[in-house]
Each structure stands twice: as C-alpha cells, then as structure tokens.
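Here is a friendly walk through one protein chain, from a single side chain out to the whole fold. Keep the viewer open as you read.

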Amino acid sequence: MICYFKIANHYNIIDKPNERSSHSEITIRGGGIIFVFSTLSVVVLHPEFWLPVLGILIIGVISFIDDRITLSGKIRILFHLTAVTLLFVFLNIFQLFPWWMCGILYIIVIGIINAYNFMDGINGITGLYSLVILGALQYINYKISAFIHPDVIWLPIIACFVFLYFNFRKKAKCFAGDVGSVTIAFYILFLLLKLIIQTNNYSYVLFLAVYGVDAILTILHRLLLKQNIFDAHRLHFYQILANEQKWPHLWVSALYGFLQLVIICLVFFTTFNFWTLFLMINLPLALIYVVLKKKLMIKA
C-alpha cells in the first residue's frame, strides 16, 4: 500500500470531489488495488484457482484503467462479461443450470458487482462491509461446511484489514476506487456462489441484503424522479445520512456493517426456510428505507 501511495502521488492518481462525492478533499484513488494483489497471492499458493483469479485480474485491470480515464460502458461490460464467464466456467455453472438461468445469473452477478461499486461512497464502508461478509464465510468454512481452502478467504480478509487501516479514518489516506470495490465484489460473489452450489442453501444471498435493498430501492427512486440511473448522484440512503444529515462517515459505515452482521446471525441461528427469511429480513429494511429516507430528506 505504501509503495502504491508513492506511485499514485507520482502519477497523480487521485479522487477529485464531484456531484456524487461524499468527501470534499482530494485523496489518493485506487487503494483497493490491494485486493488484486491478495488475489494474485491466492493463485501463487493455490494454482487450481487460476480461472477465477484471471477473471478478477481482468475485471480489476479494466476498473483501474477506468479510475484513470473514464471508459465507455460498452468497453467495461465486455470485460465484465469475460470475467464472469471465466468464473462460471470454474464453477460449472453452464453444466449445472439451463441456458435461461445462466442468462439471469449473468444479469444478477454483473448487477451486484456494479451495485457494490455504487455503494462505495464514504470512508470505511466497502472495507468494513466486505470484512463482515468474509468473516462470516470463513466461519461457515470452519464450523458449518468446508467449501474452500481457508487461505482463499484469509488473504482477502488480511487485505481488508490493511485497506481499512488507511481508509477507516475521518480523513482517509486513500479510497478503494473502482478497482477496489469491483474486485472485492467479484471475489465475494465467487465465494458465495461456490458455497451456494455446494450446500444448495440460497439463504446465503442474504449476506448482501443491506447493500441490495439500498441499491435496488435507490434505482427505483431515481426512476420515479425520471433521472438517468447511470449519472452520478447522492440519493443512496447512506449518502443521505452522511451528506444531508451530516452523520460521521465512520458511524454510517459501522451501522451498515453491524446491520449486515445481525442479518448474517439470523441466517446462521434460525431455522426458517429461504423465503420466510428473505421476507423477514428484506421487508423491514425496505420499510426503514422508504419511511426514514423520506423524513430525512424533508428535514435536510
């Protein structure tokens, strides 16, 4: 990370505040490149994971380039499709599911990757939220169902701690950038899909519930306002808290991480079926979003 800071300073790889930003100072961008390096460490230790690692490298490189120069959405989606295809080949998705379900999975996976990227807007949120999910996956790996070599989860966990050391601050030393949020999203989806396929337990998708509700309802909100959903904005619930309500960034990030941890505990320690859990978790989150967001925006 320190070496990267020197490179970023030399080549002016910085994040300038814009209309979407929740910060007001120029900060080093692309600190999330550490997730790419942790992934490369995985393939050095465990070469059998070369296909998903290659996918992460492809999606990470194009995201890093996009951090430097804004690329066309068509170019980005081409690289995303390539990376996700490599992941699907590794997981035998094309053999396990019919073609129409594979098509749906492409949309879902690429949608989640981009939603994860959109949610990366305040100090600490990406690193802390990812750490909660990775910690839960490692718990499953050790205590419930061994689905992958522990190193494959420990390495991104270490990367999260290192990144948070520089990012979980009132004045962050660096931001993740697209290279960080997109790469860690891809990595988490790789682990979740592998776990779900092995256990046939779809409740694990709820490990992304907090981000999912915020991202989906914000898109619907913007469509109701007749806004272009691809333009920069500050209408996510976490952005309302951090910008309009002036909550400290670290409080908001901790709140999102804590809520997701509570949901993960419900998945672990209750015996409800998937749809009961899905409704029991997502309906209250959606209600909180709709009711509180309207009040907070009026007060702002």
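Phenylalanine 79 counts as partly exposed, with a relative accessibility of 33%. In this predicted model, phenylalanine 79 belongs to helix H4, which covers residues 73–90. Once neighbours within four places in sequence are set aside, the contacts of phenylalanine 79 are Ile58 and Ile62. Isoleucine 58 is 21 residues away along the chain, yet its C-alpha atom and that of phenylalanine 79 are separated by 6.7 Å.

**The nonpolar core**

Which residues touch the most other members of the largest nonpolar core? They are Phe88, Ile113, Tyr116, Leu137, Leu191, Phe207 and Tyr256, out of 92 residues in that core. Helix H9, running over residues 177–199, is the top contributor to this core and supplies 14 residues. As a general background, nonpolar side chains in soluble globular proteins tend to be buried together.

Isoleucine 113 gives a good view of the packing. Beyond its neighbours within four places in sequence, isoleucine 113 is in contact with Ile59, His80, Val84, Val182, Ala185, Phe186 and Leu189.

Threonine 183 is also worth selecting. This residue sits in helix H9 and is buried, with a relative accessible area of 1%. Leaving out residues up to four places away in sequence, threonine 183 touches Phe35, Val36, Ile56, Gly60 and Asp178.

**Helix H1 and its two sides**

Helix H1 spans residues 2–10, and its buried residues are Tyr4, Phe5 and Ala8. Looking down the axis of H1, these buried residues fall within an arc of 105°, so they line one face of the helix. The cover over them includes strand E2 (27–28), helix H2 (33–45), helix H3 (50–68) and helix H8 (151–167). On the face turned away from the buried side, H1 carries the exposed residues Ile2, Cys3, Lys6 and His10.

Asparagine 9 is found in H1 too, and is exposed, with a relative accessible area of 55%. To get a feeling for distances across the model, pair asparagine 9 with phenylalanine 278: the two are 269 residues apart in sequence and 45 Å apart in space, C-alpha to C-alpha.

**Cysteines**

How many disulfides does the structure hold? The count is zero. For cysteine 3, the closest cysteine sulfur is in cysteine 174, and at 14 Å this is too far for a bond. Cysteine 265 is likewise in no disulfide, and the nearest cysteine sulfur, in cysteine 160, lies 18 Å away. Cysteine 3 is exposed, with a relative accessible area of 60%, whereas cysteine 265 counts as partly exposed at 31% relative accessibility.

**Positive phi angles**

Most residues other than glycine have a negative phi. The residues below have a positive one.

| Residue | Phi | Place |
|---|---|---|
| Asparagine 12 | near 60° | follows H1 |
| Asparagine 92 | about 60° | loop between H4 and helix H5 (93–96) |
| Lysine 246 | near 60° | loop between helix H11 (237–244) and helix H12 (249–269) |

The two loop residues can also be placed by their accessibility. Asparagine 92 counts as partly exposed, at 41% relative accessibility, while lysine 246 counts as exposed, at 65%.

**The chain as a whole**

Now zoom out. The secondary structure of the protein chain comes to 13 helices and two strands. Its radius of gyration is 19 Å, close to the 19 Å that the globule rule gives for 300 residues, so the chain is as compact as a globular protein of that length. The C-alpha trace spans about 50 × 50 × 35 Å along its principal axes.

Of the 300 residues, 50% count as buried. Among contacts with a separation of 6 or more, 71% are between residues 24 or more positions apart. As for the outside, the accessible surface of the chain is about 14800 Å², and carbon and sulfur atoms account for 69% of it.

Notes. Residues numbered from 1 in each chain as written. Predicted model: local features only at pLDDT ≥ 70, side-chain atom pairs only at ≥ 80, totals over all residues. Heavy atoms only, no water. Core = buried A, V, L, I, M, F, W, Y, C linked by side-chain atoms within 4.5 Å. Buried < 20%, exposed > 50% of the residue type's maximum accessible area, 1.4 Å probe, protein only. Helix = DSSP H or I, 4+ residues; strand = E, 2+ residues; numbered from the N terminus. Contact = heavy atoms within 4.5 Å. Arc of directions from axis to C-beta. Rg over C-alpha atoms; globule rule 2.2 N^0.38 Å. Areas by Shrake-Rupley, 256 points an atom, 1.4 Å probe, with all protein chains shown as cover. Disulfide = S-S within 2.5 Å.
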